[in-house]
Amino acid sequence: MRVLVIGGTGLVGRQLLDLLLADERFDEVAVFTRRSTGRAGGKLVEHMVDFGDPSTWRELVQGDVLFSTLGTTLKQAGSKLAQYEVDYSYQLNFATAAAGNGVGSYVLVSTAGADDSSIFFYPRIKDELEEKVLRLPFEGISILRPTQLYGDRERVRRNEERALSFMKFVNGLGVMKGRRPIHARTVAAAMIEAALTTSDKKVYEAKDIRLLSSRYNQEMLGE
């Protein structure tokens, strides 16, 4: 099985690569990235691409499953327009190319609360993307909507760390349990399980993501 990954240098993407490279069910892992993942050899194939120029990479998008963890923040992007380009345009263009090339399954990391009527910009982008990709002719589409993510980031995000600490505090008081943060590795494991078990179009919320991850871990342990 040949899988494709975009967003392989991000928080979830790095965890996803760890699992895919260790999972014997996958023969080749092709990563499309703007900068090197810092990995080499084995079954990993790395393509350095300009996502803004599909003509240079469209024909390379060949495989069985597309995993998408690509994304940025408003601060990193520098403007809403730049964030929209990464989180919507790049994503949709790549998914469209994959569907056109006959890739069978697509797994997308979205966000909890994706909603086109949200007062916040980011959930509106994600809702718009979800709506568009669900129309693409994949055999299976899995959209994961995790709550706030945590794990080992390459760059420290102070505001995010403060929000994470606050959420863990209120969760400890028994408040907002459904919004408790979720580890990036849990999401990565759930993505693989969704790809292998979903044959239609399905949206997974945080509780479903944890269940998928648990199933994947049980399979890997041979239980």
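Before the sheet, one term: two strands count as paired if DSSP finds at least two bridges between them. With that in hand, here is the chain, which is a predicted model.

The central feature is an open sheet of seven strands, in the order E3-E2-E1-E4-E5-E6-E9, with parallel pairing. At its edges stand strand E3, residues 44-48, and strand E9, residues 201-204. Each of these has a single partner strand, so one side of each is left without a neighbour in the sheet. From one strand to the next, the twist averages 15°.

Some totals for the chain. It has 223 residues, and 47% of them count as buried. Seven helices and nine strands are found in the chain. If we take contacts between residues at least 6 apart in sequence, 68% join residues at least 24 apart. The accessible surface is about 11000 Å², and carbon and sulfur atoms account for 50% of that.

Now to the middle of the sheet. Strand E4, residues 65-68, and strand E5, residues 105-109, run parallel and are joined by four bridges. In one of these pairings, valine 65 has serine 105 of E5 as its bridge partner. Helix H3, residues 80-100, packs on the sheet and touches strand E1, strand E2, E4 and E5. The direction of H3 makes about 175° with that of E4.

One residue of helix H3 to look at is glutamine 83. Is glutamine 83 buried or exposed? Its relative accessibility is 4%, under the 20% cut-off, so glutamine 83 counts as buried. Leaving out residues up to four places away in sequence, glutamine 83 touches eight residues by name: Thr72, Thr73, Leu74, Ala77, Tyr88, Phe121, Tyr122 and Ile125.

Next along the chain is helix H4, residues 121-133. Does the length come out short or as expected? The 13 residues of H4, at 1.5 Å a residue, should span 18 Å, and the end C-alpha atoms are 19 Å apart, which agrees. The buried residues in H4 are Pro123, Ile125, Lys126, Asp127, Leu129, Glu130 and Val133. What covers them includes H3, E5 and strand E6.

That brings us to E6, residues 140-144. Five of its five residues are buried. Gly140, Ser142 and Leu144 point one way from the strand, while Ile141 and Ile143 point the other way. E5 and E6 run parallel, joined by five bridges. Serine 105, already mentioned as the partner of valine 65, stands opposite glycine 140 in E6. Between these two strands the chain passes through H4, and this β-α-β crossover is right-handed.

On to the edge of the sheet. E6 pairs with E9 in the parallel sense over four bridges. Here isoleucine 141 stands opposite lysine 201 in E9.

Last, a residue in strand E2, valine 31. How accessible is valine 31? The relative accessibility is 0%, so valine 31 counts as buried. Not counting residues up to four places away in sequence, valine 31 touches Val5, Gly8, Leu17, Thr37, Leu44, Val45, Glu46 and His47. Between valine 31 and threonine 9 there are 9.5 Å in space, C-alpha to C-alpha, and the two are 22 residues apart in sequence.

Conventions: Residues are numbered from 1 along each chain as its sequence is written. This is a predicted model: local features need pLDDT of at least 70, side-chain atom pairs count only at pLDDT 80 or more; totals for chains, interfaces and linings use all residues. Side-chain values use heavy atoms; hydrogens and water are left out. Buried means under 20% relative accessible area, exposed over 50%, partly exposed in between (1.4 Å probe, protein chains only). Contact means heavy atoms within 4.5 Å. Accessible areas come from the Shrake-Rupley method with a 1.4 Å probe; for residues, only the protein chains shown count as cover. Axes are lines fitted to C-alpha atoms, for helices over the stretch in contact, and angles run from 0 to 180 degrees between N-to-C directions. The expected span of a helix is 1.5 Å times one less than its number of residues. A crossover is right-handed if, with the strands pointing away from the viewer, the path from the first strand over the helix to the second runs clockwise.
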